[in-house]
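Q: Please pick one part of this model and follow it closely from one element to the next. Say what each term means as it comes up.

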Amino acid sequence: MERVARSSFRTSRIIGRKVFSYLRVTSTQDKARKFAQKGLPDGTVIIAETQTQGKGRLGRRWVSPRGGIWLSIILRPEIAPMEAPKITMIGSLAVAKAIAELTRMEVKFKWPNDVLIRPIAGGGFKKVCGVLTEMVSGGGPVNYIIIGLGINVNNRIPATLRAKSISLKDVIGRNLPKQKLLRKVLEKFDKYYSDFGKQGVGRILKEYKGMSAVLGKEVNIECPDKIIEGKALDIDEYGALIVQTDDGRKRVIAGDVTIVSKI
Ligand code: BTN
């Protein structure tokens, strides 16, 4: 697990003040957690060329070959645990805006943590990035948060995942400058994160909702204990999805969404 560089992104104020880059790690999330426990500061970035045990949401594996951007950020916001989904929105927006600026692609979000783009040949949107927000708290305010961003940039998507996932290279037809995209993602993250610190989630939520692939659609949500069907109406200030079902309005805080009506 060789560390290849430690640098800083001069344009960033908080995010990327310290950057640790590795060729190979088990998971940047695990590395970040160890660093957080040692007291590394808000905004520390851990990035790897490959992960041998990349982690997805809900205990899933995250395939992380060379060519993608696999990174985690240590965050120490002064928030309550129930506000952690706001950080997921910040991560999603940072990635989406960076991709849109660099490629001019249309980017959308599938609640709660997927960033989507559309294959050039048309068809439905597919996942280009997943966001994993892990939080540690001792009962009171959040101690720290590790947000993981997995962006399919120039990597090959395994055949078994191609129905739902895609890389930027698949759409553009050539390799993208990964460092340039990384720099943009960190810059955008920095901007949204400091806005959040100063003004709260208002503007972030508005932008996030404006790019949602889910709002207004008929959805099927696989929750840990049940399946919820209905129309996605809104996302509240805590990042919960509000769904109109036959039994009234439901507030959903976690689940896997399938969009029944077309995006
Ligand atoms: C998901 O969509 O399930 C979330 C995927 C998050 C993957 C990233 S890659 C960098 C960081 N390290 C990990 O092990 N996982 C996250």
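**Two pockets and the strands around them**

A: Helix 2 (84–103) and strand 7 each contribute at least two residues to the lining of the second largest pocket. Helices (H or I, at least four residues) and strands (E, at least two) are DSSP runs numbered from the N terminus. The model is predicted: local features need pLDDT of at least 70, side-chain atom pairs count only at pLDDT 80 or more, and totals for chains, interfaces and linings use all residues. Residues are numbered from 1 along each chain as its sequence is written, and side-chain values use heavy atoms, with hydrogens and water left out.

The second largest pocket holds about 540 Å³ of space. A pocket is an open set of points on a 1 Å grid over the protein atoms alone, with protein on both sides within 12 Å along at least five of seven lines; its lining residues have an atom within 4 Å of a point. Volume is the space filled by probe spheres (1.4 Å) set on the points. In the second largest pocket, 24 residues form the lining, and those nearest its centre are Pro-85, Thr-88, Thr-133, Ile-253 and Ala-254. By class, this lining has 17 nonpolar, 5 polar and 2 charged residues (nonpolar: Ala, Val, Leu, Ile, Met, Phe, Trp, Tyr, Cys, Pro; charged: Asp, Glu, Lys, Arg; polar: the others, Gly among them).

Strand 7 (126–137) also belongs to the elements that each give at least two residues to the lining of the largest pocket. Its share there is 5 residues, the largest. Alongside strand 7, this list has helix 1 (28–37), strand 4 (69–75), strand 6 (114–117), strand 8 (142–151) and strand 13. The largest pocket has a volume of about 1,100 Å³. It is lined by 49 residues, and Lys-110, Asp-114, Lys-127, Lys-164 and Ser-165 lie nearest its centre. The classes here are 19 nonpolar, 18 polar and 12 charged.

Next come the partners of strand 7. Strand 6 runs antiparallel to strand 7, and 4 bridges join them (strands pair if DSSP finds at least two bridges between them). One such bridge sets Val-115 against Cys-129 in strand 7. Strand 7 also pairs with strand 8, in the antiparallel sense, over 9 bridges. Here Val-131 stands opposite Leu-149 in strand 8. Strand 7 and strand 8 form a hairpin with 4 residues between them, and Gly-139 in the turn has a positive phi of about 105°.

Strand 13, another contributor to the largest pocket's lining, leads to a sheet. This is an open sheet of 5 strands in the order 12-11-10-9-13, paired antiparallel. Strand 12 (248–252) and strand 13 (256–259) are at the edges with a single partner strand each, so one side of each has no neighbour in the sheet. The partner of strand 13 is strand 9 (residues 218–222), joined to it antiparallel by 4 bridges. Across this pairing, Glu-222 stands opposite Asp-256, and Ile-221 stands opposite Val-257. Strand 9 also pairs with strand 10 (residues 227–235), antiparallel, over 5 bridges. In that pairing, Lys-231 of strand 10 is the bridge partner of Glu-218. A hairpin of 4 residues joins strand 9 to strand 10.
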